[in-house]
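Reader: I would like to go through this model carefully, one question at a time, with the cut-offs stated wherever a term depends on them. Could we begin once the sequence and structure are on display?

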Amino acid sequence: MEIKSTKRKGVHRLAVSGEATIYGVSQAADAVRAALAGAESLQVDLSGVSEIDSAFIQLLLAAGRQADRDEKKMEIVGYGGFGEEAMLVLSALHVEPSAGC
């Protein structure tokens with residue numbers, strides 16, 4: 001898994017690619033914590049993800065709850081080829097998929 005981080009105008013974007021699984025969840029958790037701490041809004045781009053597992057989904061759910069507590073916005077702006085799992089994540093986070101997902 002690779003995570004690219006960019007920040008513009010208070011929006012921190014994490015572009016995740018590869019396999020988003022338990023093997024990289026620690027790295028991803030560090031990136032999400034840093035992004036939430038340093039921005040008003042967090043966008044997670046999963047369009048480059050080829051596989052996702054329950055550990056990564058739990059991380060996204062926890063990040064969404066933390067964003068709510070911190071009164072920050074978190075959104076998923078894309079998802080990869082994992083279909084049903086993506087819809088589970090989006091619905092659990094109460095996030096509508098962006099046009100073009």
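Reader: Which residue is the bridge partner of S5 in β2?

Author: This is a predicted model, in which local features need pLDDT of at least 70 and side-chain atom pairs count only at pLDDT 80 or more, while totals for chains, interfaces and linings use all residues. Residues are numbered from 1 along each chain as its sequence is written, and side-chain values use heavy atoms, with hydrogens and water left out. Strands (E, at least two residues) and helices (H or I, at least four) are DSSP runs numbered from the N terminus, and two strands pair if DSSP finds at least two bridges between them. β1 and β2 pair in the antiparallel sense over 7 bridges, and within β2 the partner of S5 is L14.

Reader: In the hairpin of β1 and β2, which residue takes a positive phi?

Author: This hairpin has 2 residues between the strands. The residue with a positive phi, near 50°, is K9.

Reader: In what order do the 4 strands form the open sheet?

Author: The pairing in this open sheet is mixed: β1 and β2 are antiparallel, whereas β3 and β4 run parallel and are joined by 6 bridges. The order of the 4 strands is β1-β2-β3-β4. The edge strands, each of which pairs on one side only, are β1 (2–8) and β4 (73–79).

Reader: By how many degrees are neighbouring strands of this sheet turned against each other on average?

Author: Axes here are lines fitted to C-alpha atoms, for helices over the stretch in contact, and angles run from 0 to 180 degrees between N-to-C directions. For neighbouring strands of this sheet, with direction ignored, the average turn is 20°.

Reader: Which strands does helix α1 touch as it packs on the sheet?

Author: Contact means heavy atoms within 4.5 Å. Helix α1 covers residues 25–37, and its direction makes about 170° with that of β2. The strands that α1 touches are β1, β2 (11–20) and β3.

Reader: At what angle to β3 does helix α2 run?

Author: Helix α2 comprises residues 54–69 and lies across β2, β3 and β4. The angle at which α2 runs to β3 is about 170°.

Reader: At the start of α2, which backbone nitrogen does a side-chain oxygen of D53 reach?

Author: The oxygen belongs to the side chain of D53, and the separation is within 3.2 Å. The backbone nitrogen it reaches is that of A55.

Reader: How far does α2 reach from its first C-alpha to its last?

Author: The expected span of a helix is 1.5 Å times one less than its number of residues. α2 has 16 residues, and its reach is close to the 22 Å expected. From first C-alpha to last, α2 reaches 22 Å.

Reader: Is S41 buried or exposed?

Author: Buried means under 20% relative accessible area, exposed over 50%, and partly exposed in between, with a 1.4 Å probe and protein chains only. S41 is in strand β3 (residues 41–52), and it touches G10, V11, H12 and K73, not counting residues up to four places away in sequence. Because its relative accessible area is 11%, S41 is buried.

Reader: How far apart in space are I76 and V44, C-alpha to C-alpha?

Author: I76 lies in strand β4 and is buried, with a relative accessible area of 2%. β4 is mostly covered, with 5 of its 7 residues buried. Although I76 and V44 are 32 residues apart in sequence, their C-alpha atoms are separated in space by 4.8 Å.

Reader: What is the relative accessible area of E2, and which residues does E2 touch?

Author: E2 lies in strand β1 and is partly exposed, with a relative accessible area of 42%. Not counting residues up to four places away in sequence, E2 touches A15, V16 and S17.

Reader: Which pattern does the chain follow when read along the sequence?

Author: The chain has 3 helices and 4 strands, and buried residues make up 43% of its 101 residues. Read along the sequence, the pattern is β-β-α-β-α-β-α.

Terms used: A polar contact is a pair of N or O atoms within 3.5 Å; within protein, one must be able to donate a hydrogen and the other to accept it, and residues adjacent in sequence count only if both atoms are side-chain atoms.
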